[in-house]
Amino acid sequence: MVPTDRLVLFALASVSLILVPGPSVGFILATTLRHGRASGLAATAGIELGYLVHVLAAVAGLSAVVVASASMFTAVKVVGAAWLVWLAVRSWRARTPGTLADTRDPEGAKGGARSATSAGAFRAGLLVGALNPKTAVFYLAFLPQFVVPAAGPVSLQLLTLGLLFIALAWVLDSMWALAGGAVRRFLPRLRMRVLDRVSAGVYAALAAVTLTARRVAA
């Protein structure tokens, strides 16, 4: 197991990194403002579980193969960016009338529609997290720094560190969803058309960020 002092150091380093807003925060805020706090939290859960794919891949050694192979790394980039571009186009072309206040569920009619929206946000977040090649690069570069070979199996230590990072990210990223929900309540007259365009811009920016990821030299 990872020594306690290393875990504490890792947790402090992780929190400092997570607190810096990144692409995932933009996706969470865009989802929250567009669909509400529940969808924002669902998107957060999807993103963190998408990151779990990279942790497990790193433990299995697959991330090293993807990062070292130009063709595989490019394929992951293109698929991830294409998904985000599709989300951007769908948001840009949306013709949602009314304001934020108009999207609030009336009393007694909250269940089905909200569940469907949250499920969609979760799936989108899962793909955003899993198809981000920069995450594979990050875990390969960051996690090994805190591994102590003499403390036990390296794979178990990597898994422990990865799960701890995801847990911390889940808690802190959820705060952005909660903050977005508060902003949404304070701006009930904000027009949905504006949010559609803002969301499209966020997704397009995320696609650009994904395409800028560079592989580690073999």
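In the predicted model, the largest nonpolar core comprises 28 residues, of which Phe10, Phe27, Tyr139, Phe142, Leu143, Leu161 and Phe165 touch the most other members. Two or more residues of this core are supplied by each of helix H1 (4-18), helix H2 (23-35), helix H3 (37-60), helix H5 (70-92), helix H6 (111-130), helix H7 (133-142) and H8. Helix H8 makes the largest contribution to the core, with six residues. Contacts of one of the central members, Leu143, were examined individually: apart from neighbours within four places in sequence, Leu143 is in contact with Phe10, Phe138, Leu158, Leu161 and Gly162. Of these partners, Phe10 and Leu161 are themselves listed among the core residues that touch the most other members.

Helix H8, which spans residues 154-186, also carries a buried acidic residue. Asp173 is located in this helix and has a relative accessible area of 3%. Because this value lies under the 20% limit for burial, Asp173 is classed as buried. When residues up to four places away in sequence are disregarded, Asp173 touches Ile18, Ser24, Val25, Ile28, Thr44 and Glu48. Among these partners, Ser24, Val25 and Ile28 belong to the buried residues of H2.

Helix H2 consists of 13 residues and extends 18 Å from its first C-alpha to its last, close to the 18 Å expected at 1.5 Å a residue. The buried residues of H2 are Ser24, Val25, Phe27, Ile28, Ala30, Thr31, Thr32 and Arg34. An α-helix has 3.6 residues a turn, so residues three or four places apart point the same way. Just after H2, Gly36 adopts a positive phi of about 110 degrees.

On the surface, Leu41, Val171, Met175 and Leu178 form a nonpolar patch of about 330 Å². Helix H8 provides the largest share of this patch, namely three residues. Leu178, one of the patch residues, is placed in H8. The relative accessibility of Leu178 is 37%; since partly exposed residues fall between the 20% and 50% limits, Leu178 is counted as partly exposed. Helix H8 thus contributes both to the nonpolar core and to the nonpolar surface patch.

The loop between H7 and H8 contains Pro153. This proline is partly exposed, with a relative accessible area of 48%. Pro153 and Val2 are separated by 151 residues in sequence, while their C-alpha atoms are 9.4 Å apart in space.

Key
Residues numbered from 1 in each chain as written. Predicted model: local features only at pLDDT ≥ 70, side-chain atom pairs only at ≥ 80, totals over all residues. Heavy atoms only, no water. Patch = residues over 30% accessible without salt bridge, like charges linked within 9 Å, V, L, I, M, F, W, Y side chains within 5 Å. Areas by Shrake-Rupley, 256 points an atom, 1.4 Å probe, with all protein chains shown as cover. Salt bridge = Lys/Arg side-chain N within 4 Å of Asp/Glu carboxyl O. Helix = DSSP H or I, 4+ residues; strand = E, 2+ residues; numbered from the N terminus. Buried < 20%, exposed > 50% of the residue type's maximum accessible area, 1.4 Å probe, protein only. Core = buried A, V, L, I, M, F, W, Y, C linked by side-chain atoms within 4.5 Å. Contact = heavy atoms within 4.5 Å. Expected span 1.5 Å × (residues − 1).
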